[in-house]
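Subject: Structure handover and notes on pockets and selected residues

Dear colleague,

I am passing the structure on to you with this message, and my notes on it follow below. Please read them alongside the sequence and the coordinates.

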Amino acid sequence: RKRLAEQATVAGALEPLELDGNLLRMVCEAQAWLTVQDVEGGDWTALLVGQPEDFVDVYSPEDPYPPRMWREAARYFASLDGEEMVLPGGRYMCAQVLA
């Protein structure tokens, strides 16, 4: 839902896009080119059929990133002052700010 609302804004929607999550799931489940899967936390995801599922699992204890990336991230965060260190709630919105 968040990604669709973001894309509507980018496309020039004049008002915020409000989507019913249950209806959106039903529409996604009706598409042969999508597969819908439940994920942790009571949420769900829609993936393209035939495409690799190479997303980072936020619940996995494995760290796929090299130590250099973590050093650079630490350096970046240490360079911020208090006002710059405020991030919005939720993983998606935080990722948008950090991108």
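In what follows, two residues are said to be in contact when they have heavy atoms within 4.5 Å. Please also keep in mind throughout that this is a predicted model.

On confidence, the mean pLDDT of the protein is 85, and 100% of its residues reach 70 or more. Among the elements, the lowest mean pLDDT, 78, belongs to α1, while the highest, 94, belongs to β1.

I turn to the pockets next. The largest pocket has a volume of about 1,600 Å³, and of the 31 residues that line it, those closest to its centre are Asp-43, Trp-44, Thr-45, Ala-46 and Phe-55. Two or more lining residues are given by each of α1 (2–10), α2 (21–29), β1 (34–38), β2 (44–48) and α4 (91–98), and the largest share of the lining, five residues, comes from β2. By class, this lining is made up of 16 nonpolar, six polar and nine charged residues.

The second largest pocket holds about 460 Å³ of space, and of its 17 lining residues the closest to the centre are Val-56, Tyr-65, Met-69, Trp-70 and Leu-98. Here α3 (67–79) and α4 each supply at least two residues of the lining, which divides into eleven nonpolar residues, one polar residue and five charged residues.

Three residues in the first part of the chain may be worth following on the model, and I begin with the one at the start. Arg-1 lies in the segment before α1, and because its relative accessibility is 55%, above the 50% cut-off, Arg-1 counts as exposed. Leaving aside neighbours within four places in sequence, Arg-1 is in contact with Leu-19, Gly-21 and Leu-24. Although 44 residues separate Arg-1 from Thr-45 along the chain, their C-alpha atoms are 10.0 Å apart; Thr-45 is also among the residues closest to the centre of the largest pocket.

Leu-4, for its part, sits in helix α1, and Leu-4 counts as partly exposed because its relative accessibility is 42%, which falls between the 20% and 50% cut-offs. With residues up to four places away in sequence not counted, Leu-4 touches Leu-17, Leu-19 and Leu-24, so that Leu-19 and Leu-24 are contacts of Leu-4 as well as of Arg-1, by the 4.5 Å criterion. The C-alpha atoms of Leu-4 and Arg-75, which are 71 residues apart along the chain, are separated by 33 Å.

Arg-25 is found in helix α2, and at 21% relative accessibility Arg-25 counts as partly exposed, the lower cut-off for that class being 20%. Its contacts, not counting residues up to four places away in sequence, are Val-36, Asp-38 and Trp-44, and of these Trp-44 is also one of the residues closest to the centre of the largest pocket. The C-alpha atoms of Arg-25 and Arg-1 are separated by 9.6 Å, with the two positions 24 residues apart in terms of chain separation.

Lastly, a word on the cysteines. What is the number of disulfides that the structure holds? The count is zero. Cys-28 is buried because its relative accessible area of 11% is under 20%, and Cys-94, with a relative accessible area of 17%, is likewise buried by that cut-off.

With best wishes

Note on methods:
Residues are numbered from 1 along each chain as its sequence is written. This is a predicted model: local features need pLDDT of at least 70, side-chain atom pairs count only at pLDDT 80 or more; totals for chains, interfaces and linings use all residues. Side-chain values use heavy atoms; hydrogens and water are left out. On a 1 Å grid over the protein atoms alone, a cavity is a set of points where a 1.4 Å probe fits but cannot get out, and a pocket is an open set with protein on both sides within 12 Å along at least five of seven lines; lining residues have an atom within 4 Å of a point. Grid points are joined across faces, edges and corners, and a volume is the space filled by probe spheres set on the points. Helices (H or I, at least four residues) and strands (E, at least two) are DSSP runs, numbered from the N terminus. Ala, Val, Leu, Ile, Met, Phe, Trp, Tyr, Cys and Pro count as nonpolar, Asp, Glu, Lys and Arg as charged, and the others, Gly among them, as polar. pLDDT is the predictor's confidence in each residue, from 0 to 100. Buried means under 20% relative accessible area, exposed over 50%, partly exposed in between (1.4 Å probe, protein chains only). A disulfide is a pair of cysteine sulfur atoms within 2.5 Å.
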